[in-house]
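Hi,

Here is the structure I promised to pass along. Have a look at it first, and my notes follow underneath.

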Amino acid sequence: MEVGDIHVGKQLSCVYTPQGLNPTTVINPFGFGEKAVCGVGHFNGAVLVGSGKFFPPLHPTASLMVTRPSPEENPLAIAPGIVHVRNSPLTPPTPMDVVIGDPLGPVGLTMVCGTITVEYGVEIDLGALKKSTIGLKKNTGVKADTGAKTSTGAESQAGAEVRASAKAMAGPMSVSGGTKTPFVSGKIFTGRALGNKGFDIPHPTKENYRLRHVCVEGPENAVYIRGKLDGENVIKLPEYWKGLINYDTISVNLTAFGRKDSLYVKDIQEDRIIISGDHLTNVKCFYQVWADRSGEPLIVEYEGQSPAEYPGDSSSYSIAGYDYDVRS
């Protein structure tokens, strides 16, 4: 039977029941009869949206199969996307907007993607693994490996590791418990470098304690040496500094110990720094020498959405949150 437009004023129910029987005994979250919610469709079976020729004939792959309309069969139905989920502008987003699985019915997830774009900051709750707020922007290309790596054995981890860097795996890995699951081939930028970069080690003197330090940061590619002068006035510079630093950027900090002294830098040479003061060559002080590395200067501020848009040469940089240590 072929008909034109059909208007259903209450509910459209496609449910198998023996002929002649009322399907009121069928469970429907939107109710039946007087309690029925209008504008509802209920399908107790499979649904195909789009052209059936894009799926194997007589072999349904899911209860809900979604693809594009066929340009030959229905050209006026062609749209840019396949699935578009949009919230009401007046309703704030919540974790219940799009739900895939739940504790009563957990599901597996397979993604075969060319690109992933997330244009706003999102909160990802990984349950027992971790919870953090990230802002994904977009990947700008896919890296592929032309070869195969085979592991003969099992790799296990005590705990969970979440990694996403510029190097991504092409192809899914199976998941069991808390193991890691790369599921996209390409680069994903989390939109943030972690605020503190450091290390965490067992405490060297206190049992059952740990020690955490973080890195010093600044708007230059700086290197430094420090030490102590006790009765001499020459700070010896490392030999490798000759090819490493810009000598015009050297700065020296001096702190006298044991006595007052009007210390100053008398001369800076390629391999040494000469110090003088009230006691001439008999200098007693602690020192720090800082210098910027030679080469292209660091561009501290620049316009862009990700480190990929850095206007200078990025080949000598490894950026936390982009090239490594991306946390989801």
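**Rings, charges and a strand pair**

Lys228 lies over the face of Phe257, 4.8 Å from the centre of the ring. Please keep in mind as you read that this is a predicted model. A second lysine, Lys206, has its charged end over the ring of Tyr209, at 5.3 Å from the ring centre.

On to rings that meet other rings: there are four aromatic pairs in the structure. One of them is stacked, with Tyr224 and Trp290 at 4.7 Å centre to centre and 25° between the planes. This pair links distant parts of the chain, since Tyr224 belongs to strand E9 (residues 222-230) and Trp290 to strand E14 (residues 284-292), 66 residues apart. Tyr224 is partly exposed because its relative accessibility is 45%, and Trp290 is partly exposed at 26%.

Tyr310 and Tyr317 make an edge-to-face pair, 5.8 Å centre to centre with 65° between the planes. Tyr310 has a relative accessibility of 12%, so it counts as buried, whereas Tyr317, at 22%, is partly exposed. Together with Tyr302, Tyr310 and Tyr317 form one aromatic cluster.

Finally, the strands. E1 (residues 11-14) and E2 run parallel and are joined by four bridges. Ser13 has His42 as its bridge partner in E2. Which residues of E2 are on its covered face, and which on the uncovered one? Val40 and His42 make up the covered face of E2 (residues 40-43), while Gly41 and Phe43 are on the uncovered face. In a regular strand, side chains alternate between the two faces of the sheet.

Happy browsing, and best wishes!

Conventions:
Residues are numbered from 1 along each chain as its sequence is written. This is a predicted model: local features need pLDDT of at least 70, side-chain atom pairs count only at pLDDT 80 or more; totals for chains, interfaces and linings use all residues. Side-chain values use heavy atoms; hydrogens and water are left out. Buried means under 20% relative accessible area, exposed over 50%, partly exposed in between (1.4 Å probe, protein chains only). Helices (H or I, at least four residues) and strands (E, at least two) are DSSP runs, numbered from the N terminus. Two strands pair if DSSP finds at least two bridges between them. Rings of Phe, Tyr and Trp (its six-membered ring) pair if their centres lie within 6.5 Å; planes under 30 degrees apart count as stacked, over 60 as edge-to-face and the rest as tilted. A charge sits over a ring if NZ of Lys or CZ of Arg is within 6 Å of the ring centre and within 35 degrees of the ring normal.
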